[in-house]
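The exercises below are meant to be worked through with the sequence and the model side by side. Each one sets a task and then gives a solution in steps.

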Amino acid sequence: MQQGQTPAGVKIEAFPEKTMIFGLFRKKNNNQAIVDRQYAALTAAARMPDLYEQLNVPDTVMGRFEMLSIVMILFFRRTRASAVSGQEIAQEIVDAFFQDIDYSIRELGIGDNSVPKRMKKLAGMFYGRLEAYSKAMDAGDREALALALQRNIYPESPAPADMSGLAGWMMAAEAHLSAIPEEMIAGGAAKLPPVANSSVA
């Protein structure tokens with residue numbers, strides 16, 4: 001994982017019982033190997049070619065941001081009912097996600113003075129997606145989820161691509177994660193299902 005600055009704590013409106021503080025657990029090194037393993041599995045899932053080739057996710061910088069956000073949201077939703085250890089791992093993974101975004105922005109040559117503003121905007125985008133996707137998924141509303149994905153992934157397109165396949169994969173992925181035993185979550189061994197094995201029709 002790359003090191004960088006992460007944004008300040010943000011209240012997660014989709015999970016009003018929590019106010020997650022970035023960096024709260026960062027000094028706890030006991031989880032580092034577990035966090036690294038789980039973070040690598042999640043980022044690998046976000047790069048699955050079938051997501052881009054079959055489910056209409058654009059293979060662009062922002063398309064990859066959208067998929068990373070989605071897999072982080074799916075994992076975060078799974079761990080909201082976990083024990084303290086699972087929730088700590090989830091928070092550290094979200095921290096790592098924003099650290100990597102920060103690093104990527106700086107690698108693009110963005111000046112230090114502009115980075116905090118861009119990070120704040122991206123953090124707002126992430127939590128807005130968390131709230132919108134969670135609302136649709138909690139209701140089991142695949143159509144609403146597909147429309148939310150369409151608005152976010154194709155915000156300025158006059159003819160946005162159909163996102164029903166991605167919505168189906170997300171719901172299948174959530175069911176898959178829900179069936180994973182808690183000890184696998186605590187050990188950083190959770191994996192998302194491939195597109196081919198998900199109900200996306």
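**Exercise 1. A helix and its span**

How many residues does helix α7 have, and what distance does it reach from its first C-alpha to its last?

Solution. Bear in mind from the start that this is a predicted model. Begin with the limits of the helix: α7 runs over residues 164-178, which gives it 15 residues. Next, take the distance from its first C-alpha to its last, which is 21 Å and close to the 21 Å expected at 1.5 Å a residue. The same steps can be repeated for helix α3, residues 61-79, where 19 residues reach 27 Å, close to the 27 Å expected.

**Exercise 2. Burial along two helices**

Determine which residues of α7 are buried, and then look at M171 and at helix α3.

Solution. In α7, the buried residues are G165, L166, A167, G168, W169, M170, A172, A173, E174 and L177. M171, which also has its place in helix α7, has a relative accessibility of 23% and therefore counts as partly exposed, since the cut-off for buried is under 20%. To see what surrounds M171, leave aside its neighbours within four places in sequence; the residues in contact with it are then A136, M137, G140, D141, R142 and L145. With one of these, M137, the C-alpha separation from M171 is 7.1 Å, although their positions lie 34 residues apart along the chain. Turning to α3, 15 of its 19 residues are buried, so this helix is largely enclosed by the rest of the structure.

**Exercise 3. The aromatic pairs**

Decide whether the rings of F65 and F97 are stacked or tilted, and do likewise for F97 and F126.

Solution. The structure holds five aromatic pairs. For F65 and F97, the ring centres are 6.2 Å apart and the planes meet at 20°, so this pair is stacked, as planes under 30 degrees apart count as such. The pair links distant parts of the chain, with F65 in helix α3 and F97 in helix α4 (residues 84-107), 32 residues apart. The second pair, F97 with F126, has 5.5 Å from centre to centre and 55° between the planes, and is tilted. Because F97 lies in helix α4 and F126 in helix α5, this pair ties together parts that are 29 residues apart in sequence. As for burial, F65 and F97 are both buried, the relative accessibility of F97 being 1% and that of F126, which counts as buried too, being 2%. Finally, F65, F97, F98, F126 and Y127 form one aromatic cluster. A further link involves F98: its C-alpha lies 8.0 Å from that of A123, 25 residues away in sequence, and A123 lies in helix α5 (residues 115-138), where it counts as buried at 4% relative accessibility.

**Exercise 4. The nonpolar core**

Which residues touch the most other members of the largest nonpolar core?

Solution. This core has 56 residues, and those that touch the most other members are M67, L149, L166 and W169. Now ask where the members come from: α1 (32-46), α2 (49-53), α3, α4, α5, α6 (142-153) and α7 each supply at least two residues, and α5 gives the most, with 10. For one of the four, L166, the contacts can be listed; not counting residues up to four places away in sequence, L166 touches L51, L55, V57, M67, I70, L149 and I153.

**Exercise 5. An unusual backbone angle**

What is the sign of phi at N56, and where does this residue lie?

Solution. Most residues other than glycine have a negative phi. N56 is not a glycine, yet its phi is positive, at about 70°. The residue has its place in the loop between α2 and α3, and its relative accessible area of 33% makes it partly exposed.

**Exercise 6. The whole chain and its confidence**

Summarise the chain, and state where the confidence falls under 50.

Solution. The protein chain has eight helices and two strands, and of its 201 residues 46% count as buried. Its mean pLDDT is 82, with 78% of the residues reaching 70 or more, but over residues 1-27 pLDDT stays under 50.

Key:
Residues are numbered from 1 along each chain as its sequence is written. This is a predicted model: local features need pLDDT of at least 70, side-chain atom pairs count only at pLDDT 80 or more; totals for chains, interfaces and linings use all residues. Side-chain values use heavy atoms; hydrogens and water are left out. Buried means under 20% relative accessible area, exposed over 50%, partly exposed in between (1.4 Å probe, protein chains only). The expected span of a helix is 1.5 Å times one less than its number of residues. pLDDT is the predictor's confidence in each residue, from 0 to 100. Contact means heavy atoms within 4.5 Å. Rings of Phe, Tyr and Trp (its six-membered ring) pair if their centres lie within 6.5 Å; planes under 30 degrees apart count as stacked, over 60 as edge-to-face and the rest as tilted. A nonpolar core is a set of buried Ala, Val, Leu, Ile, Met, Phe, Trp, Tyr and Cys residues joined through side-chain atoms within 4.5 Å.
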